[in-house]
Each structure stands twice: as C-alpha cells, then as structure tokens.
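This report examines aromatic rings and cysteines in one protein model. Please look at the sequence and the structure shown below before reading on.

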Amino acid sequence: MIASCLCYLLLPVARLFRALSDAFFTCRKNALVAKSSSPQVDGDFAMAPRGPDQEECEGLLQQWQEEGSGQALSTVSEGLFVDKGVAQSSLALLMDNPGEQDAASEDKWSSRQLSDLWAAENLEEPFPEVLGEEPLPEVEGPMWAAVPVQTGPQYADCAVLPVGALAAEQWEEDPAVVAWSIAPEPVPQEEAPIWPFEGLGQLQPPSLEIPYHEILWREWEDFSTQPDAQGLEAGDGPQFQFTLMSYNILAQDLMQQSSELYLHCHPDILSWNYRFANLMQEFQHWDPDILCLQEVQEDHYWEQLEPSLRMMGFSCFYKRRTGYKTDGCAVCYKPTRFRLLCASPVEYFRPGLELLNRDNVGLVLLLQPLVPERLGQVSVAPLCVANTHVLYNPRRGDVKLAQMAIFLAEVDKVARLSDGSHCPIILCGDLNSVPDSPLYNFIRDGELQYHGMPAWKVSGQEDFSHQLYQRKLQAPLWPSSLGITDCCQYVTSCHRKRSERRKYSRDFLLRFRFCSMACQRPVGLVVMEGVTDTKPERPAGWAKSFVEEDISEPEPDFPRTVGTIQHCLHLTSVYTHFLPQHGRPEVTTMPLGLGMTVDYIFFSAESCENGNRTDRRLCRDGTLKLLGRLSLLSEEILWAANGLPNPFCSSDHLCLLASFEMEVTAL
C-alpha cells in the first residue's frame, strides 16, 4: 500500500525531470553550437547541430555528470519539496544564459538517479548512459537550417535584419525574411558586382540562401519558332525585334496611405531604399527596350528613378496625375533603338463634368524604330506606345469607360497615318479591370453595348449585385461637348479640313469700316489728341447695318449611337490569362490576399476567322508580331511566397514583359 502511494507521488516528479533534462541538454548543446568556430554556422542562426567540436562537447558533459552524481534524494517524504525546488532552479537555469550560471546554485541530477526513479515505476530507462554513448557519426550531405538574410555595411539602407542573434540573446524570426533551406556547401567568396549607378550608393537587396525567385520562378514562353495564323515561319527576311515591360511599381505615398493592405509584410522590405534597389535590379535583369511604369512617385522619379534609368541608357517621359496627387505614369525607351517622333500626355480631368472629375492620366509616345545601316535602304513603320492607369473605384465603371474613350481617342490621333490607317500600337497599363469584363471586352473586341448596365459590372472587380441601389449607365455616356465620338475619336479627326483659306476682297473688308461697332468708343480707351479724341463720322448714304455673311466654320454635327461605343484599333492581349500547364487563372496583383489580373499589354493585330467563329488569339499580325512573353504566376504560388510585396518582388503587382517583331520593308 505504501509502495503504491510512493510510486504514485514520484510519477509526476520523474516526468518533470525527464522534460527538464531534455531541455537542459538542448540548451547546453545550442550554446556549444553558438560558440563553435565552424565556418558553416559563423554568423548564422542554426536550428540543428552543425558540427561542434566533439572533444569540447564530451568534456562539458563529463563535467556536468560528475558535479551532479554526488547529489541524491534525502528522503521519500521530501519528494514534494524536492519537486518544487528542482522545478524552480531548473526554470532559472533555462531562462538564464547557460554559460553564465553558477554551478553551486544549480540542481543537477545524474542519469543514474533519474534511471532509479523511472525504475520505481517499472518503466524502461529513458536516457542511455551519456559517457558510454557512442558519438553520432556526422551525416554526409546537406542538413536543414533556418538561414537568415545576410547583411553587411553595404546594406545599411536596405532591410536591416538581426544577424548574430545568439549574442543578442533574442531574435524574432519573421517568415518574410527567414526561409527553411538546405544549408549550402561552403563556397569561395566572389567579388561583389560593381554597382553601376554613381552617387546612389550600393542599395542592392540582400541575397537569400533560399531565394524567392526559386518559388516565384517565371518562365519565358517563346513563340518565335511557331508558325503564324497563315502558316508562315517567323524570321523570313529582316525583322526589327524589341521588348517592352509594363510595371505598376507601387508609389510609396499610396502604400503608406493604405498601410492596412500590407500588414503581412515585414516593415524592412517596405522601405523605399530596399524597394528601389530591387526594382532597379529587376530592370537590369530583364533589360527591356521600352519601359512603361505606373504609380511612379514624382520626387522619387526625379531624384532616383530618372537618373538611374538614364544611366542605363533610357530616355524618359513622365506625366504626374492632376490635382494634388503625387504619382503618375512614365514611358522610357532606349534612344539607340528608337527615335522620338512625338509625346502626348493625356489628362482625364474635365472641370465642371462630374463624369470626369478624377485625376488619372496617360501618356502616348510615337517612336520610330532605328534599323542598322548594314540593311541598306529600308524602312520600318512607326510604333505607338500608350501607357495609362485607370481609376480604381470598382463602383464607377462609367468613369472608367469615359477615361478609356479619351485615351483611345488620343491613341487614334497619334497612330493615324496619312492614308487613314494606323501604325502598330501597343497599349498597356493598370486598367483596374479583370479579364472578360465589359471594359476588357471593349478594348479587345472594339465594341460595347453599355446602356442599362450596372456601373460596378464594367470592371468586374467586385460584385455589388446584392445592393438595393445600383448606378446604371445611360446613353449617351458622355456629353457631345467632350468632343469625342462614340467611335472613340476626336471630332476634328472625323472631318476633313478645308483645303484652302477663305479669300476676302478689299470691298468686303471696307464694309466693316463704319459699322455700328466700329463707331463706338471702346471702354477704357486713353484719349490722345489727334489720335483717339475724334469720333469717326459715317459718310452719307452709308448703311448703319448690313447683312453680314456667316464666315465662321459651322460646328460639325456628328451622330451619336444609342448605348454603344466602338473603336477601330484592332487590339488583342499578349496574355491568355490562364496558365497553360495547370489551367489556373494568371495573377498580376493580390489585394487583401485575393489574386486577380488587372495589368495588361495589348497590341494591334487583326483577328482572323477560325472555322465558324472569330478567334482573337489567332491574329493576323501584319507589321507587329508577338515573339514571346514572361509567364505570370498563380494565386497559390504567390501565397507560398507570402503574397505581394515580398523580399524578391518589391511591388504589389507583377511586371509584364513581352517581345515583339516588326516588318522591315525595302524602299
């Protein structure tokens, strides 16, 4: 009876001793790992033993057993008090630094005493004899470790993360900056690449042992070897090839105004210095010939982006949003590949017009490709590049359509040739509309019947069908005073100008010499003797008034369609919006963790008939052909990388990149 009670009392004590002993062993071995001079763990936080000195480890364990082997339980009746004392002293041991503990104040228990306690309960011995234990052989191959971001003085302005955390006794692990990785083999130090931007400092983002680009791997999809819709292989004859990138780089001011959207991000990766370095490396890596940017903060553009891009060989044009907004759009091109013909900024704000009271803007450039002289007397058609950022508000589809109508009218004016046709066009930007939405279909198909459509449905970003009141689109969508037809053309572009000026005879002009208006003294006229002090006298028989001819050109009267808008630019999308391998939707941004596509690159290519239907993906490219594109990612892959932004992608959007080819014709 007494023996059963004693065993019952000693059972929780033995379990506590086992847990504390495990923790003690782990704590002391981690201390050894921290003190080790192994180059594999120097400066790194190792979550597993990384090869500490074996002799030092055995010596420390031998000393621990010898000091604890002389202590034993005094009496069984003091078991409860021993339990309490051991727990308190062992807790203090684990909380403090093991290397600084006073050996006299610690309660240490040998493995033999613990074995006796477990034997009283007829259990197997939980711990083997430490000294008799063979050292574990060192496993060949990689070992798992949590490797933090390596930092140094050259990254002082970037994401400063706490390295050497064992010396500081505490390190908060953040999933955005720590990744599980197979520890790499030691490699010789390589020379750091020279930072090409003078005066900007080395703001390169730190390299990760498990780089995010292995998770966010994007493949290049090459179409150059595929036959076109007419069955012709690409590469017949001389061609002019170029690449274009469209990228919403996330203005810092807008990010700070909507900080609740980026709570999942580590604060260090949201700093502009870190993001700027990442963006510049992305531009350098892909090296596009034309760069179209949205959400470009004005001060960052003039102080950092424009000088850096100029050093990379770009000529840049920038248009800030109207009003008090601090960001805008930029289009950059390489003057070694193109020559600027004209640049046309577009403002959507119209004072006094409620439909167009927003501050969004666009930018349209007309570029002339430069061909090598070795090709002789050849010519290439000019290229129209249009970049815009449309209103975000999902409820105001009417505003989005009106802004897009103005933008397409400007593109139509810039790209129109003398014979009435259009040169090749590339239209890109953040359109804040999802694929197959009415706005997307309008750009791709060239026609939209909007009358009676709920305004929220235009962009397809959110579903407001449950709301009682819904704004619906009415025809006409915009007033005639805007000067834009329902075919998205300026009124002056639809009417032929007069071939010659009106000719006035001398007799016709003299008829106005003594008219009523000419005989009246103007208000505020200074009286000068002999000059303005006389009043003209009308000759006798001169009529006071006469029938004046209407010499003003009449305002053109253009017809308005009922609830339908159109355009004739023949645009199609570079991307298909579904990943070919998995069939999942492509994603260009992840607001609040919800992946969607709102960024696009459209290019001019006439659709061709495919059986009984018109397939917009089979296009007769004419003078502009799609050669390849940088693949997008799925929502699941971005979730695995902690969404956007992350340490590798410094914007809440993914960049879009495409390669094109233009025909070169002999003169």
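## Cysteines and disulfides

Which cysteine sulfur is closest to the sulfur of C292, and why do the two form no bond? The model is a predicted one, and the closest cysteine sulfur to that of C292 belongs to C428. The distance between these sulfur atoms is 3.5 Å, which is too far for a bond, because a disulfide requires the sulfur atoms to lie within 2.5 Å. C292 itself is buried, since its relative accessible area is 0%.

A second case concerns C316. Its closest cysteine sulfur is in C332, at 3.2 Å, and this too is too far for a bond. C316 has a relative accessible area of 17% and therefore counts as buried, because the cut-off for a buried residue is under 20%. The structure as a whole contains zero disulfides. In general, a disulfide is a covalent bond that joins the sulfur atoms of two cysteines.

## Aromatic pairs

Across the whole structure, a search finds 14 aromatic pairs. In the pair of W272 and F276, the ring centres are 5.8 Å apart and the planes meet at 40 degrees, so the pair is classed as tilted. The tilted class covers plane angles that are neither under 30 degrees nor over 60 degrees.

Both residues lie in helix α8, which spans residues 272-286. Because W272 and F276 are four residues apart there, about one helical turn separates them. W272 and F276 are both buried.

## An aromatic cluster

Phenylalanines also come together in a group: F240, F242, F338, F603 and F660 make up one aromatic cluster.

How values were computed:
Residues numbered from 1 in each chain as written. Predicted model: local features only at pLDDT ≥ 70, side-chain atom pairs only at ≥ 80, totals over all residues. Heavy atoms only, no water. Phe/Tyr/Trp six-rings, centres within 6.5 Å; stacked < 30°, edge-to-face > 60°. Helix = DSSP H or I, 4+ residues; strand = E, 2+ residues; numbered from the N terminus. Buried < 20%, exposed > 50% of the residue type's maximum accessible area, 1.4 Å probe, protein only.
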